[in-house]
Amino acid sequence: MVAAVVLIRAARDRIPDAAREIADIEGVAEVYSVSGEWDLVAIVRVPEWEQIATVVTEKLARVGGIERTHTLTAFRVYSRKDL
């Protein structure tokens with residue numbers, strides 16, 4: 001499993017609708033509404049690296065109201081389960 005964190009800036013009046021639309025994209029595990037410089041954070045989990053590009057550059061790019069994204073691809077996952 002490959003994971004990525006996508007930071008999303010959206011038009012203020014579109015944040016809730018954009019979040020729901022993003023959450024419906026196959027490969028998006030969760031979407032968080034957050035404070036600070038970014039409005040939403042999407043967690044992407046897919047079986048293969050190439051699918052991150054499909055989710056972010058094809059599917060996510062079609063969501064109305066998104067102004068900017070920044071994608072962080074995870075190399076390793078650390079969690080309590082792993083410890």
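**Overall size.** I started with the radius of gyration of this predicted model. A compact globule of 83 residues would come out near 12 Å, and the protein chain has 13 Å, so the two agree. I then boxed the C-alpha atoms along the principal axes and got roughly 40 × 25 × 20 Å.

**Secondary structure.** Next I listed the elements: the protein chain has 2 helices and 4 strands. Reading along the sequence, I noted the pattern β-α-β-β-α-β.

**The sheet.** How are the 4 strands ordered? I found an open sheet running β2-β3-β1-β4, with antiparallel pairing. The edge positions go to β2 (28-33) and β4 (66-73); each has a single partner strand, so one side of each lacks a neighbour in the sheet. I also looked up the turn between neighbouring strands, which is 20° on average, direction ignored.

**β1 and β4.** I took a closer look at this pair. Strand β1 covers residues 2-10 and is joined to β4 by 7 bridges in the antiparallel sense. Here I spotted R9 standing opposite R68 of β4.

**Helix on the sheet.** Which strands does helix α2 touch? My note says β1, β2, β3 (40-46) and β4, with the helix (residues 49-59) packing on the sheet. The direction of α2 makes about 15° with that of β1.

**Largest pocket.** Last, I went looking for open space. The largest pocket holds about 170 Å³. I wrote down its lining as M1, V2, A3, R45, W49, A74, F75, R76 and V77. Sorted by class, that lining has 7 nonpolar and 2 charged residues, with no polar ones.

Conventions. Residues are numbered from 1 along each chain as its sequence is written. This is a predicted model: local features need pLDDT of at least 70, side-chain atom pairs count only at pLDDT 80 or more; totals for chains, interfaces and linings use all residues. Side-chain values use heavy atoms; hydrogens and water are left out. On a 1 Å grid over the protein atoms alone, a cavity is a set of points where a 1.4 Å probe fits but cannot get out, and a pocket is an open set with protein on both sides within 12 Å along at least five of seven lines; lining residues have an atom within 4 Å of a point. Grid points are joined across faces, edges and corners, and a volume is the space filled by probe spheres set on the points. Ala, Val, Leu, Ile, Met, Phe, Trp, Tyr, Cys and Pro count as nonpolar, Asp, Glu, Lys and Arg as charged, and the others, Gly among them, as polar. Two strands pair if DSSP finds at least two bridges between them. Axes are lines fitted to C-alpha atoms, for helices over the stretch in contact, and angles run from 0 to 180 degrees between N-to-C directions. Contact means heavy atoms within 4.5 Å. The radius of gyration is taken over C-alpha atoms; the globule rule is 2.2 Å times the number of residues to the power 0.38.
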